[in-house]
Amino acid sequence: VLSVIELLAKEPHLHRVPVVDTLSQRNLKNLITQSTVLSHIVKHMQTLGPRAKKPISMCKSFYKDVYTCNEKDTALSAFKKMCSVNVSGLAIVDDNGRLKGALSTRDIRVLGKDMHFFWRLN
């Protein structure tokens with residue numbers, strides 16, 4: 001599990017780690033996802049000892065700057081911002097800076113396979 005966490009931490013766009021039988025055969029046996037790792041950590045919190053009580057403010061290496069877009073922005077401008085700042089998601093805020101939601105690169109799926117929902121981006 002620790003080696004998977006290390007891989008996920010090193011590679012910002014890696015969300016799953018394949019498990020193969022041997023390096024020579026490379027038959028896929030399983031996929032370990034970020035969610036699986038998180039579930040494992042939660043189920044085994046007692047093994048973390050005092051680290052389990054460490055406040056997030058002490059873990060700045062876990063998170064980067066938060067990028068936002070306004071809820072009135074177009075989806076296209078939000079996706080453009082994600083590209084320009086090289087992130088996979090933005091917090092959506094109102095005019096007062098209150099969190100209203102989140103937008104991620106996975107949300108591009110609203111376009112559909114044949115782009116027939118492209119009009120939704122306006």
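**Exercise 1. The nonpolar core**

Task: In this predicted model, which residues form the largest nonpolar core, and which elements give two or more residues to this core?

Solution:
- Start with the members. The largest nonpolar core has seven residues: Cys69, Ala78, Phe79, Met82, Leu90, Ile92 and Leu103.
- Next, assign elements. Helix α3 (75-85) and strand β4 each supply two or more of these residues.
- Rank the elements. The most comes from α3, with three residues.
- Then check the contacts of one member. Ala78 touches Cys69, Leu90 and Leu103, leaving aside residues up to four places away in sequence.

**Exercise 2. The β4-β5 pair**

Task: How many bridges join β4 to β5, and what connects the two strands?

Solution:
- Locate the strands. β4 spans residues 89-93 and β5 spans residues 99-104.
- Count the bridges. Five join the strands, which run antiparallel.
- Find a facing pair. Ile92, one of the core residues, stands opposite Gly101 in β5.
- Trace the connection. β4 and β5 form a hairpin, with five residues between them. In the turn, Gly97 has a positive phi of about 80°.

**Exercise 3. Pro18**

Task: Why does Pro18 count as partly exposed, and which residues does Pro18 touch?

Solution:
- Place the residue. Pro18 lies in strand β1 (residues 16-20).
- Apply the cut-offs. Partly exposed falls between buried, under 20%, and exposed, over 50%. Pro18 has 49% relative accessibility, so Pro18 counts as partly exposed.
- List the contacts. Not counting residues up to four places away in sequence, Pro18 touches Leu28, Asn30 and Leu31.
- Add a distance. Val4 is 14 residues from Pro18 along the chain, and their C-alpha atoms are separated by 9.4 Å.

Note on methods
Residues numbered from 1 in each chain as written. Predicted model: local features only at pLDDT ≥ 70, side-chain atom pairs only at ≥ 80, totals over all residues. Heavy atoms only, no water. Pairing = 2+ DSSP bridges. Helix = DSSP H or I, 4+ residues; strand = E, 2+ residues; numbered from the N terminus. Buried < 20%, exposed > 50% of the residue type's maximum accessible area, 1.4 Å probe, protein only. Contact = heavy atoms within 4.5 Å. Core = buried A, V, L, I, M, F, W, Y, C linked by side-chain atoms within 4.5 Å.
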